[in-house]
Amino acid sequence: MKHLDCIILGAAGRDFHDFQTFFRSHPEFRVRCFTAEQIPFIEARSFPRELAGEDYDADIPIHPESELKELIGRYDVDFVFLAYSDLAHEEVMHKACIAQAAGASFALLGPRHTQLAANRPVISVTATRTGAGKSPLAQAIAFHLSERGSRVGVLRHPMPYGDLRQQAVQRFASPADLDLQACTVEEREEYEPYIERGLSIYAGVDYAAILAAAEAENDVILWDGGNNDTSFLESGLRFVVLDALRPGDELGYYPGETNFRRADVLVINKVGGAAPEDVARLRGSARAHNPEAKLVESDLRIEVDRPDRIEGRRVLVVEDGPTLTHGGMAFGAGTLAARRFGSRELVDPRPHARGSIAEAFSAYPHLGAVLPALGYSEAQRWELSETIRAAAPEALVDASPARLDRVLDLELPIARVRYWFEQTSGPRVGDLVDAFVSSRRSSARRGSPG
């Protein structure tokens, strides 16, 4: 059989999943290499032969995406497959044109070829953009199910930024698990809220094995998506979050538009801070492009544990990293909290940024007086700490769910900001979840599929 030589464009997440679900079962496609983008420090690795299957006798190299044109020539590539998320439609087509100009075809894999079927009821929460507020909704659903007596296993979109051989199947149930597996700040931002409520969260590289592990311990599976990627699991109830502060993005980004058009429930979030005409625009978009979906509106309730550490002080605000970087947001809940509770000044970290933190500000010029919680490596965490020290604020406003007090050695008063899903209109999310789970349990008792 003549192989069709391929490159998978990725960002240490969907690329590995697509390989596991599609390419391992289609040996006519030969993956010559992966590329890496969006996430720093992940390209100097390789995909392990042990996870690649019997058709591969060596690790598969990972290169920077900037080398794509040269790699197509080096490997005489037939197909370039895009396998990561939160890209403007125009950017997707630029990548397609680069591939085609070098002689290769360009392809996107869809849900039918990449989603896994579960033996438990599956609820998914995805979004149209990074930073839309999907994690607070996913957490609210998980807590609701747990309070109703269901054992809920949360599968998180992958973030395997370390040794892939050690990260095939990961289960986090305590802060010690985060330390044991040397989790980055970005991983902790997603895992900490579940662990604090006594829930287990699963992630890694091999999602068939991850799903099996979660099903063995739980009654319901909840997919907590990353960026605006589609779920890795076939889901019986699909929630998709839209950002009322960014109307139009639901039709402008890949694969967020896919999620938007496939949703069972569309959740327009952040309505409290949005212009009424922007909320109305999103309602109209939902009616025009997914009229069958139920429509919910919501906001984020911001809580601060020590507002006295903000009032009247020069504060440095640290926000969720991905939301500010490739998510494109200029600020988040920390900035809102600092303003609400009367900070005297928001310290601008840019003149004090060190190393890769300074590089991030150059790469994302929309950022202002706010610091993204970047910590993909030990060296970057040190640079983050040094940036904070050099900025010399009187207090730190920590809006990163990672709990910076646990991962950075700082001698500063810290006000911790948390934000929670709060529904404002539409059918109650809890009722939709309960009805779905009840219907699946009834089907199971009758012996029906699904």
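**Salt bridges**

I began by searching the whole structure, a predicted model, for salt bridges, and the search returned 35 of them. I then went through several of these pairs one at a time, noting for each the distance and the exposure of both partners.

I looked up E217 and R171, which form a salt bridge with their closest N and O atoms 3.0 Å apart. E217 belongs to helix α9 (residues 207-217) and R171 to strand β10 (residues 169-172), so this pair ties together parts of the chain that are 46 residues apart in sequence. For exposure I noted that E217 is partly exposed, at a relative accessible area of 33%, and that R171 is also partly exposed, at 37%.

My next entry is R238 with D264, whose side chains meet in a salt bridge at 3.7 Å from N to O. This pair, too, links distant parts of the chain, since R238 sits in strand β13 and D264 in the loop between α10 and β15 (265-269), with their positions 26 residues apart in sequence. I recorded R238 as partly exposed, with a relative accessible area of 25%, and D264 as partly exposed, with 26%.

I then turned to E303 and R301, which form a salt bridge whose closest N and O atoms are 3.2 Å apart. E303 counts as partly exposed at 35% relative accessibility, and R301 is partly exposed as well, with a relative accessible area of 32%. Looking beyond single pairs, I found that salt bridges with shared partners join E196, R403, D405, R416 and R418 into one network.

**Cavities**

I next asked how many cavities of 30 Å³ or more the whole structure holds. The search finds 3, and I followed up the largest, in which about 90 Å³ of space lies.

Which residues line this largest cavity? I listed Q115, S124, T126, T230, S231, R238, V240, T258, N259 and R262. R238 therefore appears twice in my notes, once in this lining and once as the salt-bridge partner of D264.

Sorting the lining by element, I noted that β8 (122-127), β13 (237-243) and α10 (256-262) each supply at least two of its residues, and that α10 gives the most, with 3. Sorting by residue class, I wrote down 1 nonpolar, 7 polar and 2 charged residues for the lining of this cavity.

**The second largest pocket**

My last entries concern the second largest pocket, which holds about 380 Å³ of space. This pocket is lined by 15 residues, and those that lie nearest its centre are A140, I141, H144, F421 and R428. The elements that give two or more residues to the lining are α6 (134-147), β21 (414-425) and α17 (429-446).

Which element, I asked, provides the largest share of the lining of this pocket? The answer is α6, from which 7 residues come. By class, the residues of the lining of the second largest pocket divide into 8 nonpolar, 4 polar and 3 charged, and I set this beside the 1 nonpolar, 7 polar and 2 charged residues that I had written down for the largest cavity.

Conventions: Residues numbered from 1 in each chain as written. Predicted model: local features only at pLDDT ≥ 70, side-chain atom pairs only at ≥ 80, totals over all residues. Heavy atoms only, no water. 1 Å grid on protein atoms, 1.4 Å probe; cavity = no way out; pocket = protein on both sides within 12 Å on 5 of 7 lines; lining within 4 Å. Points joined across faces, edges and corners; volume = space filled by probe spheres on them. Helix = DSSP H or I, 4+ residues; strand = E, 2+ residues; numbered from the N terminus. Nonpolar A, V, L, I, M, F, W, Y, C, P; charged D, E, K, R; others polar. Salt bridge = Lys/Arg side-chain N within 4 Å of Asp/Glu carboxyl O. Buried < 20%, exposed > 50% of the residue type's maximum accessible area, 1.4 Å probe, protein only.
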